[in-house]
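This report describes one strand and its two neighbours. The sequence and the structure are shown first.

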Amino acid sequence: MNWLTNFVRPKLKALISRKETPETLWLKCPKCEQMLFMRDWEANQQVCTHCGHHMRIKPMKRLPHLFDEGRFEQHALPKVPVDPLKFRDTKRYDAKLKEAQSKSEGRSDALVVASGLMGNRTTVVALLDFDFMGGSMGTAVGEGLVMAAELAVARKAPLIVFSASGGARMQEGILSLMQLTRTTIAVRKVKEAGLPYIVVLTDPTTGGVSASFAMLGDIHIAEPDALIGFAGPRVIQDTIRQELPAGFQRAEYLLEHGMVDAVVHRHKLRETLVRLVSLLMDPLVVDTNSPVAATA
Ligand SMILES: [Zn+2]
């Protein structure tokens, strides 16, 4: 009996409740359908190791790859009134919001604001989280972006935004739409202070976010194959009743048509951002002894 209870039963239990089931160890790339070992995929910043497809990455996974030595400070979003319209569709909005908060390690809304050194320069970064109610922009996200812009101005730091959003948060109605103007004014303050404002458009950036701060950068970078637009391709196709060209609203298509300045691989983002900020902020050092300076 002892052998059964003390040895066999725990073994059986361990077999049944194994934490690392095959589903959590492997995932399938949606593009090339190859099986990827989860650990390799995470180490590769969630880019497919076979075809290079960029899968969506959460802000907290992205942040360590951006800052020097992966060190940064996270800033809590300002408190805002919850569910001001007492909105309800299939579920109460405040219940939906609570559910999203509990799934996102206690974060209050779809924006993460962080600051730290990037290329030895203080930088403010704001990232939208698509997993939090579709990265939608309500009062909290708007307020958070205003805070990020003010922080950048106060610290004389560049502001870098990573966008990923389905648009304005419908449950906050007109208050959501007001964030379009508020965020536009906020990023203008950064520009008026002579500080760089760079946007990295990630998959997907649509709706009210693409109609406001996400399209107002001094420089727009996009991640490969990211969907970027205002209305989705299906809505456009149904409206104009015409077949859309291949790759329509994808990062590469937008680059070809002058809507974005560069499509940059996730592994090259940090060095690209550091170089761009340096080009925009550092005064040009002219060597007066060089023959080029003498003729200029
Ligand atoms: Zn792949």
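In this predicted model, strand β5 (residues 121–128) pairs with β6 in the parallel sense, over 4 bridges. One residue pair places this contact in the sequence: Val-125 has Ile-160 of β6 as its bridge partner. Between these two strands the chain runs through helix α6 (residues 139–154), and the resulting β-α-β crossover is right-handed.

β6 also pairs with strand β7 (residues 197–205), in the parallel sense and over 6 bridges. Here Val-161 stands opposite Val-199 in β7. The chain passes from β6 to β7 by way of helix α7 (residues 173–192), and this β-α-β crossover is right-handed.

The two pairings of β6 are listed below.

| Strand pair | Sense | Bridges |
|---|---|---|
| β5 and β6 | parallel | 4 bridges |
| β6 and β7 | parallel | 6 bridges |

How many residues of strand β6 are buried? The strand spans residues 159–165, and 7 of its 7 residues are buried. In a regular strand, side chains alternate between the two faces of the sheet. In β6, Leu-159, Val-161, Ser-163 and Ser-165 point one way, while Ile-160, Phe-162 and Ala-164 point the other way. Residues of both sets are buried, the two serines included.

For the protein chain as a whole, 34% of the 296 residues count as buried. The chain has 12 helices and 9 strands. Among contacts between residues at least 6 apart in sequence, 66% join residues at least 24 apart.

Terms used: Residues numbered from 1 in each chain as written. Predicted model: local features only at pLDDT ≥ 70, side-chain atom pairs only at ≥ 80, totals over all residues. Buried ≥ 20, exposed ≤ 12 C-beta atoms within 10 Å, placed from the backbone. Contact = placed C-beta atoms within 7 Å. Pairing = 2+ DSSP bridges. Right-handed = clockwise from strand over helix to strand, strands pointing away.
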